[in-house]
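Here is a report on how this chain folds. It moves from the core to the sheet, then to the helices, the pocket and three single residues.

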Amino acid sequence: MDASTAPSALFQRIEASFLRQGLMQHLGARLVRVEPGLCEVALPYSERVNQQQGGFHGGAMGALADIAGGYAALTQLADDVEVTTVEYKINFLAGFKGGELRAVGRVMRAGKRIIVTTADVMHLDASGKSSGCALMQQTLAPVPKTY
């Protein structure tokens with residue numbers, strides 16, 4: 001790995017927090033992309049994330065969207081701050097089996113006390129075809145980092 005392919009300091013800071021997420025580790029999620037005001041997270045299909053009919057569970061989709069939006073918000077804050085979700089609303093557009101989900105969180109407005117984000121959740125099948133899966137809007141609050 002050379003300087004042009006090394007993760008940015010921002011990616012490394014977000015990844016350090018992401019790796020502390022027990023749920024994301026349990027589900028097999030991975031951090032894909034981090035930019036100021038944006039975070040992309042992937043979740044491969046497995047028995048850990050399915051529901052009784054074999055599709056991705058809505059709770060897994062919601063958790064993925066929540067994480068993507070939360071880390072997008074964290075990119076806008078100082079190193080000694082974390083965020084906590086105050087509220088989110090999600091619309092499920094379609095159900096899918098196999099492949100993986102990709103959630104892209106984006107900051108819509110970063111204030112001092114609340115941050116509003118959105119997340120688009122897409123399904124990628126084995127051929128690479130992308131289809132809309134869910135949309136989320138979220139409100140977060142900055143909190144002191146305690147670790």
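The largest nonpolar core of this predicted model holds 40 residues. Within this core, F18, L31, V41, L43 and L101 touch the most other members. Helix α3, residues 58-74, supplies the largest share, with eleven residues.

L31 is one of those well-connected members. Setting aside neighbours within four places in sequence, L31 contacts F11, I14, E15, F18, C39, E40 and V41. Its opposite number in β2 is V41.

**The sheet**

In what order do the six strands of the open sheet run? The order is β1-β2-β4-β5-β6-β3, and the pairing is antiparallel. β1 (30-35) and β3 (81-92) stand at the edges with a single partner strand each, so one side of each has no neighbour in the sheet. From one strand to the next, the twist averages 25°. In general, the strands of a sheet pair through backbone hydrogen bonds.

Three of the strand pairings are set out below, each with one pair of facing residues.

| Strand pair | Sense | Bridges | A facing pair |
|---|---|---|---|
| β1 and β2 | antiparallel | five | R30 and A42 |
| β2 and β4 | antiparallel | seven | P44 and E100 |
| β4 and β5 | antiparallel | ten | A110 and I115 |

β4 spans residues 100-110, and β5 spans residues 115-124. The hairpin of β1 and β2 has two residues between its strands. In this hairpin, G37 takes a positive phi near 80°.

Why is β2 described as largely enclosed by the rest of the structure? Six of its seven residues are buried, so the rest of the structure largely encloses β2.

**Helices across the sheet**

Helix α1 covers residues 9-18. This helix lies across β1, β2 (38-44) and β3. Its direction is at about 145° to β1.

Helix α3 lies across β2, β3, β4, β5 and β6 (130-144). The angle between α3 and β3 is about 135°. α3 is also the helix that gives eleven residues to the largest nonpolar core.

**The largest pocket**

Rolling a probe the size of a water molecule over the atoms shows where empty space is left. The largest pocket has a volume of about 250 Å³. It is lined by 16 residues. Which of these are the closest to its centre? They are Q21, Y71, E82, V83 and T84. The elements that give two or more residues to the lining are α3, β3 and β6.

**Three residues in their surroundings**

C39 lies in strand β2. Is C39 buried or exposed? Its relative accessibility is 0%, so C39 counts as buried. Beyond four places in sequence, C39 contacts L31, R33, V34, A68, Y71, A72, A103, V104 and G105. Y71 also appears among the residues closest to the centre of the largest pocket. The C-alpha atoms of C39 and Y88 are 17 Å apart in space, and the two residues are 49 apart in sequence.

L140 lies in strand β6. With 1% relative accessibility, L140 counts as buried because the limit for that class is under 20%. Leaving out neighbours within four places in sequence, L140 is in contact with G69, G70, A73, V83, T84, T85, V86, R113, I114, I115 and T117. V83 and T84 are also among the residues closest to the pocket centre. The C-alpha atoms of L140 and Q25 are separated by 22 Å, with their positions 115 residues apart along the chain counted as their separation.

V32 is found in strand β1. Its relative accessibility is 32%, so V32 counts as partly exposed. Not counting residues up to four places away in sequence, V32 touches F11, E40, V41, A42 and R102. F11 is 21 residues from V32 in sequence, and their C-alpha atoms are 9.3 Å apart. F11 is also one of the contacts of L31.

Notes: Residues are numbered from 1 along each chain as its sequence is written. This is a predicted model: local features need pLDDT of at least 70, side-chain atom pairs count only at pLDDT 80 or more; totals for chains, interfaces and linings use all residues. Side-chain values use heavy atoms; hydrogens and water are left out. A nonpolar core is a set of buried Ala, Val, Leu, Ile, Met, Phe, Trp, Tyr and Cys residues joined through side-chain atoms within 4.5 Å. Buried means under 20% relative accessible area, exposed over 50%, partly exposed in between (1.4 Å probe, protein chains only). Helices (H or I, at least four residues) and strands (E, at least two) are DSSP runs, numbered from the N terminus. Contact means heavy atoms within 4.5 Å. Two strands pair if DSSP finds at least two bridges between them. Axes are lines fitted to C-alpha atoms, for helices over the stretch in contact, and angles run from 0 to 180 degrees between N-to-C directions. On a 1 Å grid over the protein atoms alone, a cavity is a set of points where a 1.4 Å probe fits but cannot get out, and a pocket is an open set with protein on both sides within 12 Å along at least five of seven lines; lining residues have an atom within 4 Å of a point. Grid points are joined across faces, edges and corners, and a volume is the space filled by probe spheres set on the points.
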